[in-house]
Structure formats: structure tokens, C-alpha cells
Amino acid sequence: MSDPRAPQDDDYSATVLGSHWFSGPPAAPEVAPDRVEGSVLRFGPGVTAAMPAPFPVSATAVRGARRRRGAGLRRYTLAAVVLLAVLAYLGWQRYGPALAVRDVAVTTDPGGPACDAAADVVAVVRTNGRPGTLTYRWLRSDGTRSEPLTERVPRGQREARLHLLWTFRGAGTYPARAELELLSPEQRTAAVEFTYRCRP
């Protein structure tokens with residue numbers, strides 16, 4: 001039995017339904033851009049290159065950061081310069097100019113020693129104040145000489161005094177001569193003459 005409501009059209013098909021029979025998914029509403037910056041449009045929460053920094057950056061803040069970095073560099077540079085100066089001074093003190101002799105002089109009492117007494121012969125060696133060791137020996141006019149002797153000169157001391165005690169005994173007169181022979185750091189000589197007199 002045919003439906004009297006059905007259209008009497010040969011092209012009618014029951015599989016073709018009018019739009020009033022169903023409703024599809026709702027169309028997406030148009031989303032308007034929430035920000036317009038030049039030709040860049042941002043939609044929704046996305047991030048674009050045109051977004052501003054998350055916090056305001058001013059030229060003053062940038063200059064302050066650069067100034068702080070510069071101050072740190074200057075502080076480290078000053079510390080490095082001071083350290084280099086100290087190292088240079090210590091190196092100069094340790095490896096700088098060696099001990100050098102400026103002058104050598106030998107003296108004693110010109111009147112000579114008393115009977116059965118010793119003459120104190122003193123050699124004064126003047127240096128440049130550098131630390132080092134003096135090597136020397138004494139030569140006496142009676143034909144005797146000492147073994148090589150050493151005297152340590154500390155830093156800053158510009159004068160070393162070397163003593164020879166020459167003892168005389170008996171009555172008589174003896175012209176004496178004492179000579180200092182400096183062996184190192186350089187070779188030098190200095191001498192003094194005196195007379196031993198002892199009358200019975």
C-alpha cells in the first residue's frame with residue numbers, strides 16, 4: 001500500500017532526506033583576533049614573535065646589568081694586577097740581581113797590640129744589599145793563611161764585617177801585614193799594616 005503523502009514523482013528516493021530530518025555538528029563560531037600588531041595576528045593562546053617580553057625591560061635596566069658586569073671585570077682585573085705585582089716583586093727578590101761587592105777595606109788599631117795580646121783586624125765589605133754568601137781567606141805576613149771561610153749576608157744588609165784575631169807573644173818589635181783575599185762573589189784584596197812592639 002502506497003503512502004498517500006508520498007510525492008508522486010518518479011525521481012523520489014526514500015534515501016534522500018531533507019535537511020529538516022537531521023541536524024549536523026554546529027558550525028565553529030568565528031573567532032575574532034584579540035590583538036592586531038601591524039600585519040601579525042594572534043589567535044587564542046598561541047605565542048608569536050610579536051609578543052612582548054614577560055616583564056618590562058627598560059634601557060636603564062640593560063645599562064645597569066652591563067655596569068654590574070663591568071664593575072665585576074674591573075674588580076677582577078685589579079686583583080689580577082695586584083697578584084702579578086706581588087709575584088713580580090717576589091721573583092725579583094729571589095731571582096733578581098745577585099750579591100755584588102761595592103768596596104773592601106781593612107783596618108786595625110794603628111798603634112798595634114799590647115804585649116802578649118791580639119790585634120783585631122777588621123775587613124769591612126760593602127755590598128749592594130742583595131742576599132748571598134761571601135767567600136774569603138786571610139793572609140798574614142808570617143806566611144800563614146786561613147782556609148776559605150764564608151759569611152752569609154742577609155737581604156737588605158749592605159755591610160759585612162770580617163774579623164781576624166792575630167795574637168802576638170814575647171818581647172820585641174814585629175812589622176805585621178794582614179791581607180783579606182775575597183774569593184767570591186768576585187775577587188778583591190785589601191790589606192793593612194801595623195807594628196807589634198813589646199819592650200821588656
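Pro175 is an exposed residue, with a relative accessible area of 58%, and it makes a friendly place to begin a tour of this predicted model. The protein chain has 200 residues, and buried residues make up 22% of them. One helix and nine strands are found in the chain. The notes below start at Pro175, move through the sheet and the core, and finish with two backbone details.

**Around Pro175**
- Pro175 sits in strand β8.
- Leaving aside neighbours within four places in sequence, Pro175 is in contact with Ser141, Phe194 and Thr195.
- Glu193 lies 18 residues from Pro175 along the chain, and the C-alpha atoms of these two residues are separated by 7.4 Å.

**The chain as a whole**
- Reading from the N terminus on, you meet the elements in the order β-β-α-β-β-β-β-β-β-β.
- Of the contacts with a separation of 6 or more, 62% are between residues 24 or more positions apart.
- About 15,000 Å² of the protein chain is exposed, and carbon and sulfur atoms supply 57% of that area.

**The open sheet**
- Strand β8 belongs to an open sheet of four strands, ordered β6-β5-β8-β9, with antiparallel pairing.
- The edges are taken by β6 (149–153) and β9; each has a single partner strand, so one side of each is left without a neighbour in the sheet.
- From one strand to the next, the twist averages 25°.
- Inside the sheet, β5 and β8 run antiparallel and are joined by six bridges.
- To find this pairing in the structure, look for Leu139, which stands opposite Glu179 in β8.
- As background, strands of a sheet pair through backbone hydrogen bonds, either parallel or antiparallel.

**The nonpolar core**
- The largest nonpolar core has 26 residues, and those with the most contacts inside it are Val106, Val121, Leu134, Trp138 and Leu180.
- At least two residues of this core come from each of β3 (101–107), β4, β5 (132–140), β7 (159–167), β8 (172–184) and β9 (188–198).
- Strand β9 gives the largest share of the core, with five residues.
- Val106 is a good residue to click on here: leaving aside neighbours within four places in sequence, its contacts are Val121, Val122, Ala123, Trp138, Ala178, Leu180, Ala190, Ala191 and Val192.
- In soluble globular proteins, nonpolar side chains tend to be buried together.

**Around Ala119**
- Ala119 lies in strand β4, which covers residues 118–127.
- Its relative accessibility is 4%, so Ala119 counts as buried, whereas Pro175 is exposed.
- Apart from neighbours within four places in sequence, Ala119 is in contact with Thr108, Pro113, Leu164, Leu165, Trp166, Phe168 and Phe194.
- Phe194 appears among the contacts of Pro175 as well.
- Ala119 and Phe194 are 75 residues apart along the chain, with their C-alpha atoms separated by 9.2 Å.

**Two backbone details**
- A cis peptide bond joins Ser184 and Pro185, with omega at about 15°.
- Pro185 is found in the loop between β8 and β9.
- Asp116 is not a glycine, yet it has a positive phi of about 50°.
- Asp116 is placed in the loop between β3 and β4.
- With a relative accessible area of 44%, Asp116 is partly exposed.

Conventions:
Residues numbered from 1 in each chain as written. Predicted model: local features only at pLDDT ≥ 70, side-chain atom pairs only at ≥ 80, totals over all residues. Heavy atoms only, no water. Buried < 20%, exposed > 50% of the residue type's maximum accessible area, 1.4 Å probe, protein only. Contact = heavy atoms within 4.5 Å. Core = buried A, V, L, I, M, F, W, Y, C linked by side-chain atoms within 4.5 Å. Areas by Shrake-Rupley, 256 points an atom, 1.4 Å probe, with all protein chains shown as cover. Pairing = 2+ DSSP bridges. Axes fitted to C-alpha atoms, helices over the stretch in contact; angles between N-to-C directions.
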